[in-house]
Amino acid sequence: PSRMDPTAAVGAGGGVEAKEEKKKQKKATYVPKHPEIFTYDAAFVARFIHEDAQKITAGDVNGAIKEIGEQIYFLRLFTEEFCQLLIAEAEHCSKWITNLDKTEEEHPFVPGLVDVCEPDTTVDFDEMPGLEAVYGAVIKNYVQPVMEAKWITFKLQKWDTPAVRKYSPDVVKSMDLHYDLETIAMVGYLSKDFVGGGTYFPRWNLTVGDNTNVVPGSVVIYPGGISHEHSAKAITAGTRYMLANSFY
């Protein structure tokens with residue numbers, strides 16, 4: 001699993017006062033490179049939400065998604081233009097955090113157990129103030145209906161702060177086989193200018209999003225836990241940008 005904070009609820013509701021104050025300070029000083037992705041409205045939907053995903057708000061969840069492996073659902077969520085702007089915004093923000101070593105950390109849910117965290121390079125959405133709220137609206141309108149339709153006993157309560165993840169051949173180029181701790185996970189694919197890569201689910205010998213089949217703007221939604229072990233295959237050239245999402 002990645003190092004995203006499982007205590008960070010981003011749905012309706014607060015967070016500690018200190019965290020909220022820090023967010024206000026960031027918002028006061030951050031100057032977006034692409035302000036058009038920081039407002040969720042009808043124009044945002046028309047320009048940046050893929051037409052497949054727009055079927056969801058019309059009530060056609062099954063028409064928007066495809067099951068490409070057992071309980072692995074493929075959805076074209078964003079337009080390619082949104083992906084390009086989000087990548088540019090993340091690079092403009094430049095608050096990347098790289099962890100080069102696999103580490104054992106305290107398990108976030110079960111005291112006394114350890115959690116193995118994989119190397120990664122990420123920038124959290126809260127480093128780009130305002131974007132997290134926009135993404136929250138996208139989750140509620142287009143992702144939550146999918147999760148609650150496909151897993152009928154699941155009701156979305158919170159999610160971790162989303163992040164853009166970056167793979168490059170000379171820094172972090174892959175992620176070893178692991179399973180996620182969240183109830184439901186979502187991986188998003190933002191770029192196509194790389195060689196190799198892909199999310200690999202060995203149980204089904206399924207690779208999603210390598211350089212031969214990646215669809216920028218698409219996501220896969222699947223259960224967390226041992227049933228859906230997966231890895232990120234190494235890239236050998238270019239830069240691979242992803243979205244990382246965890247839901248409870």
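# Close-up views of a predicted model

**View 1. An open sheet of four strands.** Four strands line up in the order β8-β14-β11-β12 and form an open sheet with antiparallel pairing. The edges are held by β8 and β12 (206–208). Each of these two has a single partner strand, so one of its sides has no neighbour in the sheet. On average, neighbouring strands here are turned by 15 degrees against each other, direction ignored. The model shown in this and every other view is predicted.

**View 2. The pairing of β11 with β14.** Strand β11 (residues 199–201) runs antiparallel to strand β14 (residues 230–232), and two bridges join them. Tyr 200 has Ser 231 of β14 as its bridge partner.

**View 3. His 178 in an edge strand.** His 178 sits in strand β8 (residues 175–178). Strand β8 stands at an edge of the open sheet. Is His 178 buried or exposed? His 178 counts as buried because its relative accessibility is 8%, and the cut-off for buried is under 20%. The His 178 side chain reaches the backbone oxygen of Asp 176 at 2.8 Å.

**View 4. Asp 176 and Lys 102.** Asp 176 pairs with Lys 102 in a salt bridge, with 2.9 Å between the closest N and O atoms. Asp 176 belongs to strand β8, and Lys 102 to the loop between β3 (97–99) and β4, so the pair ties together parts that are 74 residues apart in sequence. Asp 176 is partly exposed at 40% relative accessibility. Lys 102 is partly exposed too, with a relative accessible area of 45%. The backbone oxygen of Asp 176 is also the atom reached by the side chain of His 178.

**View 5. Strands β4 and β5.** Strand β4 (residues 103–106) pairs with β5 in the antiparallel sense, over four bridges. Glu 106 stands opposite Val 114 of β5. Along strand β5 (residues 114–117) the side chains alternate. Asp 115 and Cys 117 point to one face and are buried. Val 114 and Val 116 point to the other face and are not buried.

**View 6. Thr 121 and its surroundings.** Thr 121 lies in strand β6 (residues 120–124). Its relative accessible area is 5%, so Thr 121 is buried. What does the side chain of Thr 121 meet in a polar contact? The partner is the side chain of Thr 98, at 2.9 Å. Leaving aside neighbours within four places in sequence, the contacts of Thr 121 include Trp 96, Ile 97 and Thr 98. Val 164, Arg 165 and Lys 166 are also among them, as are Val 171 and Val 172. The C-alpha atoms of Thr 121 and Leu 100 are 8.3 Å apart, while 21 residues separate the two along the chain.

**View 7. Two salt bridges to strand β7.** Side chains of opposite charge can pair when their charged atoms come close. Glu 91 forms a salt bridge with Lys 166, with the closest N and O atoms 3.0 Å apart. This pair links distant parts of the chain: Glu 91 is in helix α5 (residues 80–93) and Lys 166 in strand β7 (residues 163–167), 75 residues apart. Glu 91 is partly exposed, with a relative accessible area of 29%. Lys 166 is buried, at 17%. Asp 120 forms a salt bridge with Arg 165, where the closest N and O atoms are 3.6 Å apart. Asp 120 lies in strand β6 and Arg 165 in strand β7, 45 residues apart. Both Asp 120 and Arg 165 are buried.

**View 8. A salt-bridge network.** The whole structure holds seven salt bridges. Glu 36, Arg 47 and Glu 81 are linked in a network of them.

**View 9. The nonpolar cores.** The largest nonpolar core has 49 residues. Leu 77, Phe 78, Met 147, Val 164, Met 186, Ile 221 and Phe 247 have the most contacts inside it. Which helix gives this core its largest share? Helix α6 (residues 131–150) does, with nine residues. Another core, of 18 residues, lies apart from the largest one, and includes Val 172, Phe 194, Val 220 and Tyr 222.

**View 10. Ile 221 in the largest core.** Ile 221 is one of the residues with the most contacts inside the largest core. Leaving aside neighbours within four places in sequence, Ile 221 touches Gln 71, Ile 72 and Tyr 73, among others. Val 143, Val 146, Met 147 and Trp 151 are also among its contacts. So are Ile 184, Ala 185 and Met 186.

Technical notes
Residues are numbered from 1 along each chain as its sequence is written. This is a predicted model: local features need pLDDT of at least 70, side-chain atom pairs count only at pLDDT 80 or more; totals for chains, interfaces and linings use all residues. Side-chain values use heavy atoms; hydrogens and water are left out. A nonpolar core is a set of buried Ala, Val, Leu, Ile, Met, Phe, Trp, Tyr and Cys residues joined through side-chain atoms within 4.5 Å. Buried means under 20% relative accessible area, exposed over 50%, partly exposed in between (1.4 Å probe, protein chains only). Contact means heavy atoms within 4.5 Å. A polar contact is a pair of N or O atoms within 3.5 Å; within protein, one must be able to donate a hydrogen and the other to accept it, and residues adjacent in sequence count only if both atoms are side-chain atoms. Two strands pair if DSSP finds at least two bridges between them. Axes are lines fitted to C-alpha atoms, for helices over the stretch in contact, and angles run from 0 to 180 degrees between N-to-C directions. A salt bridge is a side-chain nitrogen of Lys or Arg within 4 Å of a carboxyl oxygen of Asp or Glu.
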